[in-house]
Amino acid sequence: MSVATPVPPYEPPYYAVIFTSVRHDDDHEAYAAAAKRMLALATEQPGFLGVDSARGADGLGITVSYWRDRASIEAWRTHAAHLPIQETGRRRWYDMFSVHIAQVERSYRYPPPAP
């Protein structure tokens, strides 16, 4: 699975939340449905800029979501619909996960976006 928002680089500074996880090899349908719901909900949140996500056949996944500021990240982390999905992830879907929050100071891409 891979997801990417087709948006040019965001104007720095902004924040990246890097979520690295290893999934169990079961419950794919429930996980996929929850991931789809959370992505749709995240895109509606103030301060959300975009997301890149990929998962390998071995269960290792990396999702990077991009946010305007720390307050937007915290609001998403504690969102009422997001909290129970986080708990379900701990109990049912992940062997492990880690979260890193970084401020992006410079960003570019190839090819550059059209003017």
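Is Arg-91 buried or exposed? In this predicted model, Arg-91 has a relative accessible area of 54% and is therefore exposed, the threshold for that class being over 50%. This residue is a convenient point of entry to the charged side chains of the structure.

Arg-91 forms a salt bridge with Glu-87, and the closest N and O atoms of the pair are 3.8 Å apart. Because the two residues are 4 positions apart in helix 3, about one helical turn separates Arg-91 from Glu-87. Glu-87 counts as partly exposed, at 37% relative accessibility. The pair does not stand alone: Glu-87, Arg-90 and Arg-91 are linked in a network of salt bridges. In total, the model contains 4 salt bridges.

Helix 3, which spans residues 82–93, also holds Arg-92. The side chain of Arg-92 meets that of Asp-27 in a salt bridge, with an N to O distance of 2.3 Å. This contact links distant parts of the chain, since Asp-27 and Arg-92 are 65 residues apart. Asp-27 belongs to the loop between strand 2 (14–23) and helix 1 (28–43). Both partners fall in the intermediate accessibility class: Asp-27 is partly exposed, with a relative accessible area of 26%, and Arg-92 is likewise partly exposed, with a value of 37%.

A further salt bridge lies in helix 2, which covers residues 70–77. Here the side chains of Arg-77 and Glu-74 meet at 2.6 Å, N to O. The two residues are 3 positions apart, about one turn of the helix. Arg-77 is partly exposed at 43% relative accessibility, and Glu-74 is partly exposed as well, with a relative accessible area of 36%.

The account now turns from charged to nonpolar side chains. Phe-97, Val-99 and Ile-101 make a nonpolar surface patch of about 240 Å². Of these residues, Val-99 lies in strand 5, which comprises residues 94–104. How is a valine able to contribute to a surface patch? Val-99 has a relative accessible area of 45% and is thus partly exposed; because patch residues must have over 30% relative accessible area, Val-99 meets that requirement.

Taken together, these features place a salt-bridge network at Glu-87, Arg-90 and Arg-91, a link between distant parts of the chain at Asp-27 and Arg-92, and a nonpolar surface patch at Phe-97, Val-99 and Ile-101.

How values were computed: Residues numbered from 1 in each chain as written. Predicted model: local features only at pLDDT ≥ 70, side-chain atom pairs only at ≥ 80, totals over all residues. Heavy atoms only, no water. Patch = residues over 30% accessible without salt bridge, like charges linked within 9 Å, V, L, I, M, F, W, Y side chains within 5 Å. Areas by Shrake-Rupley, 256 points an atom, 1.4 Å probe, with all protein chains shown as cover. Buried < 20%, exposed > 50% of the residue type's maximum accessible area, 1.4 Å probe, protein only.
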